[in-house]
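Grab a pencil and work through these short exercises with the model open beside you. Each task comes with a solution that goes step by step.

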Amino acid sequence: SNSIAAAIANTAKPATVGASQTGTGVGSLVTLTGANYTGATGVKFGATAATSFTVVSDSRIVCVVPTGGTGSQDITVTNAAGTGDGFTFTVAA
């Protein structure tokens, strides 16, 4: 239908404006805050995909820090419109 195609065409890239970590290092949870997370297909810490992620709402994702994801990392979120700008975040070693 045209309304479905229009909704997909108007999807904006994800925008991350904040991140908070629970625990330390690899395997800990990071909560991302931002916009346009609905329909997210991936979350990366640098070049490494998050171990797992859950879209809680259009403005919140909870993800798990992957192996190799320590130190300063650009966290990126991808949806149908593309990959948003990286949000620099330091993951505890």
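Before we start: two strands count as paired if DSSP finds at least two bridges between them. Keep in mind, too, that this is a predicted model.

**Exercise 1. Decide whether β5 and β6 pair, and find which residue stands opposite Val55.**

Step 1: Count the bridges. Four of them join β5 to β6, the strand of residues 60-64.
Step 2: Compare with the cut-off. At least two bridges are needed, so four make β5 and β6 a pair.
Step 3: Check the direction. The two strands run antiparallel.
Step 4: Look across from Val55. Its opposite residue is Ile61 in β6.

**Exercise 2. Work out the strand order of the four-stranded open sheet and name its edges.**

Step 1: Read across the sheet. The order is β1-β2-β6-β5, and the pairing is antiparallel.
Step 2: Look for strands that pair on one side only. These are β1 (15-22) and β5 (53-57), the edge strands.
Step 3: Add the twist. From one strand to the next, it averages 20°.

**Exercise 3. Place Asn36 and classify its exposure.**

Step 1: Locate Asn36. You'll find it in the loop that links β2 (29-35) with β3 (42-45).
Step 2: Look at the backbone. Asn36 isn't a glycine, yet its phi is positive, at about 65°.
Step 3: Take the relative accessible area, which is 25% for Asn36.
Step 4: Apply the cut-offs. Buried means under 20% and exposed means over 50%, so Asn36 at 25% is partly exposed.

**Exercise 4. Is Ala93 buried or exposed, and how far is its C-alpha atom from that of Val26?**

Step 1: Locate Ala93. It sits in the segment after β9 (87-91).
Step 2: Classify it. Ala93 is exposed because its relative accessible area is 94%, and the cut-off is over 50%.
Step 3: Get the distance. The C-alpha atoms of Ala93 and Val26 are 7.6 Å apart, although 67 residues separate the two along the chain.

**Exercise 5. Sum up the whole protein: how many helices and strands are there, and what percentage of the residues count as buried?**

Step 1: Tally the elements. There are one helix and nine strands, and from the N terminus on they run α-β-β-β-β-β-β-β-β-β.
Step 2: Turn to burial. Of the 93 residues, 33% count as buried.
Step 3: Finish with the surface. The accessible area comes to about 4900 Å², with 55% of it belonging to carbon and sulfur atoms.

Methods: Residues are numbered from 1 along each chain as its sequence is written. This is a predicted model: local features need pLDDT of at least 70, side-chain atom pairs count only at pLDDT 80 or more; totals for chains, interfaces and linings use all residues. Side-chain values use heavy atoms; hydrogens and water are left out. Buried means under 20% relative accessible area, exposed over 50%, partly exposed in between (1.4 Å probe, protein chains only). Accessible areas come from the Shrake-Rupley method with a 1.4 Å probe; for residues, only the protein chains shown count as cover. Axes are lines fitted to C-alpha atoms, for helices over the stretch in contact, and angles run from 0 to 180 degrees between N-to-C directions.
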